[in-house]
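Let's take a walk through this model together, from its overall layout to a few of its contacts. Have the sequence and the 3D view ready as we go.

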Amino acid sequence: MSGRREAGPRGPDLRAAMDVVAEEYFRFLHGGPEPGTGDDTKAFTAHHAACRAALAHFEHLLKLARAMGDPDSGIEEATAFLIEARQALSAFEEEDIHGEEEHG
């Protein structure tokens with residue numbers, strides 16, 4: 001995405017906002033905890049919480065787009081992204097819980 005669009009006559013450009021949030025979410029997600037933290041559970045927990053917060057922000061934008069009935073908001077695509085992201089986080093949480101049980 002090369003630039004951000006301003007609010008138009010119908011209101012804010014929610015599609016542009018969702019695009020920004022999704023791009024930043026993936027950038028942050030792939031960045032992981034700070035280098036050198038290794039098995040630092042605090043760094044992992046903070047990173048995980050930040051990813052969940054980004055998805056919550058995305059979900060609020062999606063709800064606004066639905067409420068406004070904006071045909072250019074890409075609601076179906078955004079909904080699919082949110083569902084997939086939440087499923088991935090849920091699966092990761094389950095793997096982490098099972099991994100801890102094996103070690104404990």
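**A walk through three helices**

Begin with the buried side of α2, which consists of Ala43, His47, His48, Cys51, Leu55, Phe58, Leu61, Leu62 and Ala65. Several of these names will come back below. Please keep in mind that this is a predicted model.

Now step back to the whole chain. There are 3 helices and 0 strands, and from the N terminus on the elements run α-α-α. Of the 104 residues in the chain, 25% are buried. The accessible surface comes to about 7300 Å², and carbon and sulfur atoms account for 56% of that surface. How far apart in sequence are the residues that touch? Among contacts between residues at least 6 apart in sequence, 61% join residues at least 24 apart.

Let's follow the helices along the chain. Helix α1 has 18 residues, and the distance from its first C-alpha to its last is 26 Å, close to the 26 Å expected at 1.5 Å a residue. At the start of α1, a side-chain oxygen of aspartate 13 comes within 3.3 Å of the backbone nitrogen of arginine 15. Just after α1 you will find glycine 32, with a positive phi of about 65°. The buried residues of this helix are Leu14, Ala16, Met18, Val20, Val21, Ala22 and Tyr25.

Helix α2 covers residues 41-68, 28 residues in all. What span should we expect for α2? At 1.5 Å a residue it should span 40 Å, and its end C-alpha atoms are 41 Å apart, which agrees. Glycine 69 follows α2, and its phi is positive too, near 65°.

With the helices in place, turn to what lies between them. In soluble globular proteins, nonpolar side chains tend to be buried together. Here the largest nonpolar core has 17 residues, and those that touch the most other members are Met18, Tyr25, Leu55, Phe58, Leu62 and Phe81. Two or more residues of this core come from each of α1 (14-31), α2 and α3 (75-103). Phenylalanine 58 is a good place to center your view: beyond its neighbours within four places in sequence, it is in contact with Met18, Val21, Ala22, Ala78, Phe81 and Leu82.

Another buried residue of α2 deserves a stop. Histidine 47 lies in this helix, and it counts as buried because its relative accessible area is 9%, under the 20% cut-off. Where does its side chain reach? The side chain of histidine 47 comes to 2.9 Å from the backbone oxygen of phenylalanine 28. Leaving out residues up to four places away in sequence, histidine 47 touches Phe28, Leu29, Gly32 and Pro33. Gly32 is the glycine with positive phi that we met just after α1.

Leucine 64 is also in helix α2, but it is partly exposed, with a relative accessible area of 45%. In space, leucine 64 and leucine 14 are 7.8 Å apart, C-alpha to C-alpha, with their places 50 residues apart in sequence.

Finally, look at the charged side chains. The structure holds 4 salt bridges. Which residues are linked in a network? Arg15, Asp19 and Glu77 are, through salt bridges. In one of these bridges, the closest N and O atoms of aspartate 19 and arginine 15 are 3.2 Å apart. These two residues are 4 apart in helix α1, so about one helical turn separates them. Glutamate 77 meets arginine 15 in another salt bridge, at 2.6 Å from N to O. This pair links distant parts of the chain, since glutamate 77 is in helix α3 and arginine 15 in helix α1, 62 residues apart. Aspartate 19 is partly exposed at 24% relative accessibility, whereas glutamate 77 is exposed at 51%.

A further salt bridge joins glutamate 24 and arginine 27, with the closest N and O atoms 2.7 Å apart. Both residues lie in helix α1, 3 residues apart, about one turn of the helix. Glutamate 24 is partly exposed, at a relative accessible area of 37%, while arginine 27 is exposed at 53%.

Technical notes:
Residues are numbered from 1 along each chain as its sequence is written. This is a predicted model: local features need pLDDT of at least 70, side-chain atom pairs count only at pLDDT 80 or more; totals for chains, interfaces and linings use all residues. Side-chain values use heavy atoms; hydrogens and water are left out. The expected span of a helix is 1.5 Å times one less than its number of residues. Buried means under 20% relative accessible area, exposed over 50%, partly exposed in between (1.4 Å probe, protein chains only). A nonpolar core is a set of buried Ala, Val, Leu, Ile, Met, Phe, Trp, Tyr and Cys residues joined through side-chain atoms within 4.5 Å. Contact means heavy atoms within 4.5 Å. A polar contact is a pair of N or O atoms within 3.5 Å; within protein, one must be able to donate a hydrogen and the other to accept it, and residues adjacent in sequence count only if both atoms are side-chain atoms. Accessible areas come from the Shrake-Rupley method with a 1.4 Å probe; for residues, only the protein chains shown count as cover.
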